[in-house]
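Work through the exercises below with the sequence and the structure open. Try each task before reading its solution.

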Amino acid sequence: MSGMNGAGLAGSRERRVRTGGVDLCVVELGETGRPTVVLVHGYPDSKEVWSEVAARLATRFHVVLYDVRGHGHSSAPVPLRGGFTLEKLTDDFLAVADAVSPDRPVHLVGHDWGSVQGWEFATVARTEGRIASFTSMSGPSLDHFGHWVKERMARPTPRRAAQLLNQFRKSWYVYMLHTPVLPELAWRGPLGKRWPGMLERVEKVPAGDYPTASLSSDAAHGAWLYRDNVRPRMRRPRADAYAHVPVQLIVPTGDVFLSERLYDGLERWAPDLVRRTLPAQHWVPRTRPDQVTAWIAEFVTATEEPATRAPERKAPGKHADRFGGQLVLVTGAASGIGRATAFAFAEAGARVVCVDRDGEGAARTADMARLVGAPEAWGECVDVSDEQAMEKLAERTATEYGIVDVLVNNAGIGLSGPFLETTSEDWKKVLDVNLWGVIHGCRIFGKQMAERGQGGHIVNTASAAAYLPSKTLPAYSTSKAAVLMLSECLRAELASKSIGVSAICPGIVNTNITATSRFTGVDAAEEKRRQERSSRLYGLRNFPPEKVADAILLAVVQNQAVVPVTPESKGALWMSRFAPRTLRRIAKLEPRL
């Protein structure tokens, strides 16, 4: 049967699978000869929660979705009590797997209660050989959860007690769902009517034809998932709940229902484990379908073809769980902080676009980025001060590589000299690169991020000079102060679109910017002498650009607003807030160059 009632699943093939006294509604997309990916939904959802992800996966895989018993177009067991045990849900999964892929194991993906079920499927003996891999999102194994609680209660410490209290606080809804009748009344009444709006406001789930019209009955029936399973498994968790397949764990860091600490020690239960973290809330199949799809596809491909296992699965760099497979664009990437930043993202398994007006330097950075861990890296010759060139870069990047997940506006030039000896042309050169280059990047790539509606992050390289006045750096300091304020304003504006903005403020860093900085009011010989002296001083300070790159990655992970990097930058920021008069006195001093 072609077509069905469901968001984004037009053209899918529907079949009915009879098992355990219920009829399951199963739909398929993509070519049947390809690896099969089975998507299992959570609570209070139906299979349509996966529609965005399924449509994307179907271009490469045979994709299967089914309504869990009692949900969507699947029939409910009679009686409801005892009809939703994990054992019966496992029967359902095996019946679906046998129907859609009788000769090959399937790749299992679960979200929320679909993931809770998935952990059961991936750890019981009777499914061995039927599952090739398992991707878990926002749903722990009840057995692992039970052991996690028992271990913390058996050997309590203040830290463990805090972890328990935090998770129990997040699990308030579980207690409510165990009460008789009230959850059913709420879902069939006011809660069911308000739920779509709540998802849109709180979880940032895009408005549309999800959730489906079956929501109230899905939620009422699904309450038995909790009643039939949570207490028995929490009291007597299985001691043999070891995954017999490779597992990919995707953890939304903003999940209001599950603590990240809940997965501590998971390697004990899943020895072949890949961790991913995503700056999002609970419903990532709806809010982050691009990233979820990319990670599922990569994991499935790596499992199907071990020889082509993606480098980022074993990436040694920091934050590989966060940036693996993401698209990062770095300007000013031919040298210094930009090159170090490109390498740091490459080591974390990101796809990196290296941009610089020095095309050969950008290409060299891309070549080395591939060697240190980037599965894909490209060099682009672009002058960030050229608005049309930046427009073309954004269009080409989106067409060939996808929408940028992290943008690092790092390109910059230096200029030193008194204000009265700085010409209009000098000002234009500095502002065109240091300010307008950042504006172009934020506007053009930020608009793409916002229109995609799946979050992102923008990093702008400012400087300690942004809040450290100096009589010899009026133009440079002005440009960087503008970048800092622009970043603060954008951070406020884009927060509602889940796009973070960070301003990085290095101090004295050992890069080649001093060798290329201009000095106004002096002849060429004196300018050359000052450049050489500045380079020696920066070399003696010897603060490496790699430390700035580490700070950039951490700023994205933690969504930090203003990040001073060097000790002098941190001290200057503190003084700008608490001792500004002292800074003004220092600004009057005559530097020896």
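**Exercise 1. A charged pair**

Which residue forms a salt bridge with Lys47, and how far apart are the closest N and O atoms?

Solution. The model is a predicted one. Step one is to find the partner, and Lys47 pairs with Asp67. Step two is the distance: the closest N and O atoms are 2.4 Å apart. Step three applies the cut-off, which is 4 Å between a side-chain nitrogen of Lys or Arg and a carboxyl oxygen of Asp or Glu. Step four places the two residues in the chain. Lys47 lies in the loop between strand S3 (36–40) and helix H1 (51–57). Asp67 lies in the loop between strand S4 (62–66) and helix H2 (86–100). The pair links distant parts of the chain, 20 residues apart. By the same rule, the count of salt bridges comes to 28.

**Exercise 2. Two domains and their contact**

State the bounds of the domains, then describe how domain 1 meets domain 2.

Solution. Begin with the bounds: domain 1 covers 2–309 and domain 2 covers 320–587. Their centres, taken over C-alpha atoms, are separated by 41 Å. Domain 1 puts 14 residues into the contact, and domain 2 puts in 13 residues.

Next, take the area. About 990 Å² is buried between the two domains, and carbon and sulfur atoms give 36% of it. On the side of domain 1, Thr277, Arg288 and Gln291 lose the most area to domain 2, together 40% of what that side buries.

Then count the interactions. There are zero salt bridges between domain 1 and domain 2, but six residue pairs are in polar contact.

**Exercise 3. The side of domain 1**

Which elements give two or more residues to the side of domain 1 that touches domain 2, and what kinds of residue make up this side?

Solution. The elements are strand S8 (273–278) and helix H11 (289–304). Of the elements on this side, H11 gives the most, with five residues. Sorted by kind, the residues of this side are four nonpolar, three polar and seven charged.

**Exercise 4. Confidence**

Where does the pLDDT fall below 50 over residues near the start of the numbering and after domain 1?

Solution. Start with the whole protein: the mean pLDDT is 91, and 91% of the residues reach 70 or more. The pLDDT is below 50 over residues 1–7, a stretch with 19 contacts beyond near neighbours in sequence. It is also below 50 over residues 310–315, where the corresponding contacts number 21. Where pLDDT is low, predicted coordinates should not be read in detail.

Methods. Residues numbered from 1 in each chain as written. Predicted model: local features only at pLDDT ≥ 70, side-chain atom pairs only at ≥ 80, totals over all residues. Heavy atoms only, no water. Domains from an automatic or database assignment. Contact = heavy atoms within 4.5 Å. Buried area = accessible area lost by both parts, 1.4 Å probe. Polar contact = N/O pair within 3.5 Å; in protein donor to acceptor, adjacent residues only side chain to side chain. Helix = DSSP H or I, 4+ residues; strand = E, 2+ residues; numbered from the N terminus. Nonpolar A, V, L, I, M, F, W, Y, C, P; charged D, E, K, R; others polar. pLDDT = per-residue confidence, 0-100.
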